[in-house]
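Subject: Model and pocket results

Hello,

Please find the model we spoke about below. My notes on its pockets come after it.

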Amino acid sequence: MLGLNGTPFQPATLQLTGIPGMQTGQAWVALVFCILYLISIIGNLTILALVTREPTLHQPMYYFLSMLSLNDLGVSFSTLPTVLATFCFNYRHVDFDACLVQMFFIHTFSFMESGILLAMSFDRFVAICDPLRYATVLTNNRILAMGLGIVAKSFTTLFPFPFLVKRLPFCKGNVLHHSYCLHPDLMKVACGDIHVNNIYGLFVVIFTYGIDSTFILLSYTLILRAVLAIASREQRFKALNTCMSHICAVLAFYVPIIAVSMIHRFWKSAPLVVHVMMSNVYLFIPPMLNPIIYSVKTKEIRRGIRQVFCKSWG
C-alpha cells in the first residue's frame, strides 16, 4: 500500500489499547498501574541512594544491584508515558516515530536486565567458589567494564530494530494491543516481507536470553557443587542464603518470559487479554519486585533502610 507520494504507507499515529474487553473498571486499572510505578520508582531509587551513601555497601554485589535498580528505572520510565496517558487520561494515540523510540528502549532495557542478572550470577559464583580471589577478580574497573559491555551489547543488537520496522508499510490498521509499543505487536499490523524482522528478532532473543540463561544455570550448577562440598551444614546454608535474592530476581524475570513463550507456542487460541496481561506481568512485576526482594533478603540493605528511617524520625 502506497501513500500519496508513492512511498510505503506508514500511519502518522498508532492507537494504543488498554486491556482488551475491559470497557469498565479503567479507573481501577489506572490505580493499580500507578501503585506499581510508585513502588518500582521509590524502591529502586532507595536502593541506589543506599548504595551511594553507605560505605559498607561499596562492594561488587551492591554495585551490580545498583545496575539492576538503574535498569529497572529505565524499564519503568520507558512505559510510563503511554501507560498513564492510556489509562489515566484516555489518550490512546502515539506518534509513529515516538512509538519506534519507545519500542527500542523497552526491548533494550529488557535485554540489559538479562545481562545484569548474568553478571550478578558471576559475582555469586566467584564469591562462593573462589572467595580468596573475590576482591582481585571483581575490581571496580572490571565491574565498570562489565556494565559498559552489557549496555553496548544490548544497544548494538537492538539498534537495527527501529530501522527494520521503519522500512515496512502498514496496511493492517494502526491499532496495537498494548498500552505501549512492542516489536511483535507492530509486526501484527505491518505488511510486506517481515521475515527479516522475525529472523533477526529470533536471533536477538537467542543471543541474549538464550545465552544469558544458559550461563546463569551453569553458574548455579557450579555453585551448588561447591556448596555441597562444604562439610558444615551451617556454612552450606549461609552460602546458599547469599544467593537467594539473586535466585528470586532471576525467577521474577525469566518465569514470565517462559510463560509468554509457552502460551504463544502451545495455546495459540488463548484470548488476547491473556497475552496482554502476561506482557504486563513481564514488564511491570520485576522492576517492582527486585527492590522488595533485596530489601527483605539482604541484611545490609535492611540495616541501611532502618538507619535512614531512624535518622528521619530521630
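The notes below cover the two largest pockets and their linings.

This is a predicted model, so local features need pLDDT of at least 70 and side-chain atom pairs count only at pLDDT 80 or more, while totals for chains, interfaces and linings use all residues. Residues are numbered from 1 along each chain as its sequence is written, and side-chain values use heavy atoms, without hydrogens and water.

A pocket here is an open set of points on a 1 Å grid over the protein atoms alone, where a 1.4 Å probe fits, with protein on both sides within 12 Å along at least five of seven lines; lining residues have an atom within 4 Å of a point. Volume is the space filled by probe spheres set on the points, which are joined across faces, edges and corners.

Largest pocket: the volume is about 1,400 Å³. Of its 40 lining residues, Val205, Tyr209, Ile257, Val260 and Ser261 are the closest to the centre. H8 (195-228) is among the helices (DSSP runs of H or I, at least four residues, numbered from the N terminus) and gives the largest share of the lining, 12 residues. H3 (96-129), H7 (183-189), H10 (244-266) and H11 (272-297) each supply at least two. By class there are 24 nonpolar (Ala, Val, Leu, Ile, Met, Phe, Trp, Tyr, Cys, Pro), three charged (Asp, Glu, Lys, Arg) and 13 polar residues (the others, Gly among them).

Second largest pocket: the volume is about 600 Å³. Arg124, Lys238, Ala239, Asn241 and Thr242 lie nearest the centre, out of 19 lining residues. H9 (233-241) provides the largest share, four residues. The lining divides into eight nonpolar, six polar and five charged residues.

Regards
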